[in-house]
Amino acid sequence: MLSFTRTRTQQRSNRSMSLGGMDYADPKKKNGVCGKILMVSTLTALCILMLKQSPNFNVPSQFSRHEPGVTHVLVTGGAGYIGSHAALRLLKDSYRVTIVDNLSRGNLGAVHILQQLFPEPGQLQFIYADLGDAKAVHKIFSENAFDAVMHFAAVAYVGESTLDPLKYYHNITSNTLVVLEAMAAHGVKTLIYSSTCATYGEPEKMPITEETPQLPINPYGKAKKMAEDMIVDFHKNSDMAVMILRYFNVIGSDPEGRLGEAPRPELREHGRISGACFDAARGIIPGLKVRGTDYKTSDGTCIRDYIDVTDLVDAHVKALEGKTQARRSVKEFVEACKKATGVPIKVDFLPRRPGDYAEVYSDPTKIKNELNWTAKHTDLEESLQVAWRWQKAHLNGYGTPLVMSA
């Protein structure tokens with residue numbers, strides 16, 4: 001038999017009376033609660049009245065209005081490797097910067113570094129948002145007075161794109177359409193689009209120029225090509241100024257050691273060769289895997305252009321103002337990385353990776369003629385040394401940094 005007992009904790013006169021499933025509170029207690037609610041409401045109304053009379057009430061954010069002599073740039077993907085370096089350069093050049101990033105590939109630590117370097121109001125703001133959310137994107141544009149957009153945000157691994165192509169078409173092509181529609185709806189007239197050499201596929205002759213046919217052979221390149229086509233088609237019947245920069249393999253880091261490349265651990269296998277070299281040198285992985293040794297090149301491995309991230313963001317800023325690096329085979333790159341790190345990296349040579357091509361390198365004549373831009377950081381080993389210093393000082397990525405070592 002179960003026994004139910006009740007412990008009386010109050011006098012009966014202070015308890016609510018229950019009739020027919022309804023509770024009737026003590027009238028005295030009810031009056032006391034009503035009085036408190038009335039007092040809180042009165043105080044709240046007084047506070048609102050005082051705030052409205054304050055000269056700072058309803059003053060619009062500096063980011064929400066255009067200011068003479070100040071260019072406000074939206075940097076999508078600004079928490080990522082390249083985007084964060086671009087934001088740093090823009091801030092150093094006195095641009096106003098808004099970073100939008102969903103942090104799926106970027107690092108909040110990079111944003112924190114930028115916030116520490118540029119703490120003054122009206123210089124930098126970070127907005128956590130996904131460009132695939134059209135409603136959120138339009139809200140961001142409606143609340144901010146952008147003068148230009150640098151669109152870096154994208155997933156960007158060739159190997160991953162062959163495994164999950166729909167992710168790439170959505171993240172690159174569809175999201176770029178959302179950005180373009182928001183720019184058109186809110187009257188933002190300047191777009192610098194970060195594209196890739198992957199749109200060219202494997203051309204019949206080298207070097208690549210802007211006139212080389214774009215015949216991409218992997219989903220990453222195809223998605224970028226589709227995004228480019230949308231931008232160009234829209235540009236033809238609008239007054240939007242557009243610059244599309246197609247670049248190759250990015251290396252290096254901020255020369256002053258403030259920013260670097262810190263890919264998520266689960267993405268290391270898909271990442272850049274420089275990151276893989278550093279991981280091998282640090283012992284994070286047992287050795288370096290080079291995929292493909294039977295290409296029609298001098299040593300059988302792929303040949304690529306490499307550009308220092310400092311040069312790359314300089315080109316983007318020059319493009320915004322309206323105003324190469326030497327090519328190497330993968331084997332040559334690995335040897336340069338061994339020298340830069342001083343570590344005898346173990347190398348495993350494996351079969352080709354799907355979606356890769358033998359030779360891809362560029363002729364930068366057009367950007368030199370039109371923007372008067374040339375790469376300055378063209379010593380491959382030196383760029384790797386700079387990046388290696390950052391890696392050694394940030395063994396946990398953007399976690400607690402160590403003392404910089406030579």
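What follows is a short chat about a predicted model and how its sheet and helices fit together.

Colleague: What is the average pLDDT of the protein chain?
Modeller: The model is predicted, so local features need pLDDT of at least 70, side-chain atom pairs count only at pLDDT 80 or more, and totals for chains, interfaces and linings use all residues. Residues are numbered from 1 along each chain as its sequence is written, and side-chain values use heavy atoms, with hydrogens and water left out. pLDDT is the predictor's confidence in each residue, from 0 to 100. At least 70 is reached by 82% of the residues, and the chain average is 84.

Colleague: Which residues at the start stay under 50 in pLDDT?
Modeller: Where pLDDT is low, the predicted coordinates should not be read in detail. That applies to residues 401–406, with pLDDT below 50. The other stretch has 12 contacts (heavy atoms within 4.5 Å) beyond four places in sequence, and it is residues 1–25.

Colleague: Which strands are the edges of the open sheet?
Modeller: Strands here are DSSP runs of E, at least two residues, and helices are runs of H or I, at least four, numbered from the N terminus. Two strands pair if DSSP finds at least two bridges between them. The sheet has 6 strands in parallel pairing, ordered E5-E4-E3-E6-E7-E8. Pairing on one side only marks the edge strands, E5 (124–128) and E8.

Colleague: Which residue in E8 is the bridge partner of Ser194?
Modeller: E7 (residues 190–196) and E8 (residues 241–247) run parallel and are joined by 7 bridges. Thr190 has Ala241 as its bridge partner in E8. For Ser194 the partner is Leu245.

Colleague: Which helix does the chain pass through from E7 to E8?
Modeller: This β-α-β crossover is right-handed, meaning that, with the strands pointing away from the viewer, the path from the first strand over the helix to the second runs clockwise. The helix spans residues 219–236 and is H7.

Colleague: At what angle do H4 and H6 pack?
Modeller: H4 (residues 134–143) and H6 (residues 165–186) have their axes 10 Å apart. Axes are lines fitted to C-alpha atoms, for helices over the stretch in contact, and angles run from 0 to 180 degrees between N-to-C directions. The packing angle is about 35°.

Colleague: Which strand does H6 run at about 170° to?
Modeller: H6 also meets H4, through residues including Val178 and Met183. On the sheet, H6 lies across E6 (148–151) and one more strand, and the angle of about 170° is to that second one, E7.
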